[in-house]
Amino acid sequence: MRRALALAGLPYGDKAALAKLDGNSRSLIFFIDGDKACTPMPVPDTLLSMMDDVATARINREGSGL
């Protein structure tokens, strides 16, 4: 089996799992490589909001631009 290289600073893996706990606003992401998961990493609330917008096809073009 050939393993893909990860970008600098990112863990190996081709899947991810998002963990949210009831009563806790913090979320964690686990990158998955085969049957192993990396150390959990915190997920910023802004990223979760963006993921929700993509999942619900909400478009916000009122940004400040680059």
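Among the elements of the protein chain, helix 1 has the lowest mean pLDDT, at 84, and strand 4 (residues 41-43) has the highest, at 88, where pLDDT is the predictor's confidence in each residue, from 0 to 100. This is a predicted model, in which local features need pLDDT of at least 70 and side-chain atom pairs count only at pLDDT 80 or more, while totals for chains, interfaces and linings use all residues. Residues are numbered from 1 along each chain as its sequence is written, and side-chain values use heavy atoms, with hydrogens and water left out. The mean pLDDT of the protein chain is 77, and 73% of its residues reach 70 or more. Where pLDDT is low, the predicted coordinates should not be read in detail.

**Overall layout**

- The protein chain has 1 helix and 4 strands, and these are DSSP runs numbered from the N terminus, with helices being H or I of at least four residues and strands being E of at least two.
- Read from the N terminus on, the elements follow the order β-β-β-β-α.
- Of the 66 residues of the protein chain, 6% count as buried, a word that here means under 20% relative accessible area, whereas exposed means over 50% and partly exposed lies in between (1.4 Å probe, protein chains only).
- The protein chain exposes about 6,100 Å², and carbon and sulfur atoms supply 58% of that area; accessible areas come from the Shrake-Rupley method with a 1.4 Å probe, and for residues only the protein chains shown count as cover.
- Among contacts between residues at least 6 apart in sequence, 11% join residues at least 24 apart, a contact being heavy atoms within 4.5 Å.

**Strands and their pairing**

- Strand 1 (residues 15-20) pairs with strand 2 in the antiparallel sense over 6 bridges, and two strands are said to pair if DSSP finds at least two bridges between them.
- Within this pairing, Ala 16 has Phe 31 in strand 2 as its bridge partner.
- The hairpin of strand 1 and strand 2 has 6 residues between the strands, and Gly 23 in this hairpin takes a positive phi near 80°.
- Strand 2 is also joined to strand 3 (residues 36-37) by 2 bridges, and these strands run antiparallel, with Ile 32 standing opposite Ala 37 in strand 3.
- Strand 2 and strand 3 form a hairpin with 2 residues between them, and Gly 34 in the turn has a positive phi of about 65°.
- Strand 2 pairs with strand 4 as well, in the antiparallel sense over 3 bridges, and Ile 29 stands opposite Met 41 in strand 4.

**A buried residue in strand 2**

- Ser 27 is placed in strand 2 (residues 27-33), and Ser 27 counts as buried because its relative accessibility is 1%.
- Leaving aside neighbours within four places in sequence, Ser 27 is in contact with several residues, including Leu 18, Met 41, Val 43 and Leu 48.

**Salt bridges**

- The structure holds 3 salt bridges, each defined as a side-chain nitrogen of Lys or Arg within 4 Å of a carboxyl oxygen of Asp or Glu.
- Side chains of opposite charge can pair when their charged atoms come close.
- Asp 52 and Arg 58 meet through their side chains at 2.8 Å, N to O, while Asp 53 forms a salt bridge with Arg 58 in which the closest N and O atoms are 3.4 Å apart.
- Asp 52, Asp 53 and Arg 58 are thus linked in a network of salt bridges.
- In this network, Asp 52 is partly exposed at 38% relative accessibility, Asp 53 is partly exposed at 21%, and Arg 58 is partly exposed at 48%.
- The side chains of Asp 35 and Lys 36 also meet in a salt bridge, at 3.4 Å from N to O, and here Asp 35 is exposed at 70% relative accessibility, as is Lys 36 at 55%.

**Helix 1 and the segment after it**

- Leu 18, Leu 47, Met 50 and Met 51 make a nonpolar surface patch of about 360 Å²; patches are made of residues with over 30% relative accessible area and no salt bridge, with like charges joined within 9 Å and nonpolar side chains (Val, Leu, Ile, Met, Phe, Trp, Tyr) within 5 Å.
- Helix 1 gives the most to the nonpolar patch, with 3 residues.
- Leu 47 lies in helix 1 and is partly exposed, because its relative accessible area is 35%.
- Ala 57 is found in the segment after helix 1 (45-55), and Ala 57 counts as exposed at 63% relative accessibility.
- The phi of Ala 57 is near 60°, a positive value in a residue other than glycine.
- Most residues other than glycine have a negative phi.
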